[in-house]
Amino acid sequence: MTRKCNKPFAHILAFLSLLWTGCAVGPDYTPPEPPTDLGQWQQPPEYGLDVSRADVSEWWQVFDDPRLNELVNRGFSGNLDLDTARSRVREARAARGIETAARFPALTATGSAAKVKEGDQPTTELYVADFDAAWELDIFGRVSRRIEASTADMQASIEALRGVQVSLVAEIALNYVEVSSFQNRIRVAEANVEAQRKTLQVVTDRFELQLANSLEVEQAKSNLAGSQAQLPPLESGLQRAMNRLAVLTGERPGILDDFLQEASSIPTAPPEIAIGIPADLIRRRPDIRRAERELAAQSARVGVAKADLYPRFTFNGTLQFSAANASSLFDSMSRLLNIGPAFQWNIFDAGSVRSNIKVQGERQKQALINYERTILQALEDVENAMVSYARELDRQESLKQTVAAARKSADLAESLYKDGLRDFIYVLDAQRGLFAAEDSLAVSNAEVTANLIRLYKALGGGWHQQ
């Protein structure tokens with residue numbers, strides 16, 4: 001027996017098809033307007049910082065350091081945090097596929113075979129095959145809003161991946177600079193130890209000639225031992241920095257020791273550094289872009305919640321075959337067809353749907369606040385990095401002058417001591433002052449480059465903007 005679709009059903013289907021392109025409830029998302037005063041930085045750019053449009057996608061190349069380039073490439077291919085972020089992007093794409101599938105009919109098939117015995121009647125067989133179809137007509141935009149939210153979530157995960165890239169490149173560069181800094185400081189310490197060892201020999205020789213007393217010998221020994229004591233912490237810091245670099249590139253600690261063993265100079269900045277204007281920052285920073293996509297996703301979820309106020313229309317169909325033997329299962333006389341529209345409407349829910357709309361609306365406000373806060377944080381990061389870079393350059397210049405004066409003072413004190421014109425305490429003070437000044441300069445040299453790296457990170461550099 002076949003049950004055909006009635007004409008009223010066809011009329012209803014045609015009417016619902018016309019409505020399908022109707023209104024999707026909830027807010028239509030438009031990106032928020034960024035602040036208007038983004039044409040210049042509050043901190044005037046100094047020391048070669050230029051507000052011309054900046055391409056910072058591969059900013060580490062400006063240092064022209066092959067080892068740094070190699071480490072960044074290793075990080076891109078081996079870092080585990082980056083692998084996790086890539087996996088989350090694939091997960092988000094798959095989740096969007098789940099939501100997109102709701103646009104199409106869902107088809108299912110079931111079948112069964114059974115032997116039936118009722119009382120003393122002979123045993124009979126029953127074969128059944130069912131084909132069911134259900135198709136939600138997205139009249140009020142519930143499905144399209146869910147797809148919209150899922151798409152924005154996927155895009156937010158892509159921005160999160162870019163954010164991991166930005167942080168990874170900066171961390172690799174910072175740790176590489178730290179390795180170079182420790183190597184330079186160790187060279188400074190070893191040079192001072194050697195100089196103080198020679199001074200001890202001079203004092204010892206003068207003592208044997210009865211030109212110096214035992215106090216001066218002991219003071220020279222103490223000064224030498226104090227300088228030697230500075231080496232182990234520096235060597236420990238160097239090893240920690242190398243281990244950290246190995247982990248950042250996805251390797252076991254110690255793997256990069258041979259690669260990094262040969263000391264290198266600290267990468268230096270080019271004379272001109274393009275940083276763009278604040279408006280460029282809004283378009284480039286992955287965390288700002290992610291916050292905007294999260295706001296878009298939450299806006300769509302408000303629409304999903306509002307769609308629950310309205311009936312949900314579906315178009316259903318069932319094709320069933322049942323027969324007493326398998327050979328006649330699909331004969332026309334074994335067929336039963338049901339097809340037609342249906343709807344579901346939550347008439348009373350004690351305010352649950354409206355409460356959910358309020359929940360989603362407040363979350364939308366929170367997402368907007370987070371977007372605005374992320375912009376302010378990004379601007380603060382850049383402004384702070386610019387100030388730190390400029391002021392550290394000032395400090396570096398002062399330390400260069402300090403080292404030059406301390407070196408002259410140490411040479412003069414030693415010369416006067418040998419001539420018997422000054423006490424040995426002047427030599428000790430001068431050597432200690434020179435060691436401290438040279439070590440501070442080595443730290444400052446690294447800090448200048450580190451602050452520039454932090455500036456590039458604050459600008460959102462480290463990924464290719466389409």
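Before anything else, one definition: the helices I mention are DSSP runs of H or I with at least four residues, numbered from the N terminus. That matters for helix H6, since just after H6 comes Gly250, with a positive phi of about 85°. I'll return to that spot in a moment. Please keep in mind throughout that this is a predicted model.

Let me start with the whole chain. The protein chain contains 11 helices and six strands. For 466 residues, a compact globule would have a radius of gyration near 23 Å, but this chain has 37 Å. The C-alpha trace spans about 130 × 60 × 40 Å along its principal axes. Even so, 42% of the 466 residues are buried. And if you take the contacts with a separation of 6 or more, 84% of them come from residues 24 or more positions apart.

On to the surface. The chain exposes about 25500 Å², and carbon and sulfur atoms supply 54% of that. For those of you thinking about electrostatics, there are 52 positive and 61 negative side chains, and the centres of the two sets lie 7 Å apart.

Now, helix H6. This helix covers residues 231-248, which is 18 residues. From its first C-alpha to its last, H6 reaches 26 Å, close to the 26 Å expected at 1.5 Å a residue. Which residues of H6 are buried? They are Leu231, Leu234, Gly237, Leu238, Ala241, Met242, Leu245, Ala246 and Leu248. As you read down that list, a reminder may help: an α-helix has 3.6 residues a turn, so residues three or four places apart point the same way. And what covers the buried residues of H6? The cover includes helix H2 (66-78), helix H4 (142-208), helix H5 (214-228) and helix H7 (257-261). Then, just past the end of H6, we meet Gly250 again and its positive phi.

Let's step back to H5, one of those covering helices. Gln219 sits in H5. Gln219 counts as partly exposed because its relative accessibility is 24%, and the buried class stops under 20%. Setting aside neighbours within four places in sequence, Gln219 is in contact with Phe424, Ile425 and Leu428. Compare that with Ala263, which is 44 residues from Gln219 in sequence and 32 Å away in space, C-alpha to C-alpha.

Next, a couple of backbone angles. Most residues other than glycine have a negative phi. Here are two residues with a positive one. Asp64, in the loop between strand S1 (49-50) and H2, has phi near 50°. Is Asp64 buried or exposed? Asp64 counts as exposed, because its relative accessibility is 65%. The other is Gln210, found in the loop between H4 and H5. Gln210 is not a glycine, yet its phi is positive at about 60°. Gln210 is exposed too, with a relative accessible area of 73%.

One last stop, over at the strands. Asp331 lies in the loop between strand S5 (312-323) and strand S6 (335-344). With a relative accessible area of 39%, Asp331 is partly exposed. Asp331 and Phe321 are 10 residues apart along the chain, and their C-alpha atoms are separated by 8.1 Å.

That's my tour. Thanks for listening, and I'm happy to bring any of these spots up on the screen.

Methods. Residues are numbered from 1 along each chain as its sequence is written. This is a predicted model: local features need pLDDT of at least 70, side-chain atom pairs count only at pLDDT 80 or more; totals for chains, interfaces and linings use all residues. Side-chain values use heavy atoms; hydrogens and water are left out. The radius of gyration is taken over C-alpha atoms; the globule rule is 2.2 Å times the number of residues to the power 0.38. Buried means under 20% relative accessible area, exposed over 50%, partly exposed in between (1.4 Å probe, protein chains only). Contact means heavy atoms within 4.5 Å. Accessible areas come from the Shrake-Rupley method with a 1.4 Å probe; for residues, only the protein chains shown count as cover. Lys and Arg count as positive and Asp and Glu as negative; His and the chain ends are not counted. The place of a charge is taken as NZ of Lys, CZ of Arg, CG of Asp or CD of Glu. The expected span of a helix is 1.5 Å times one less than its number of residues.
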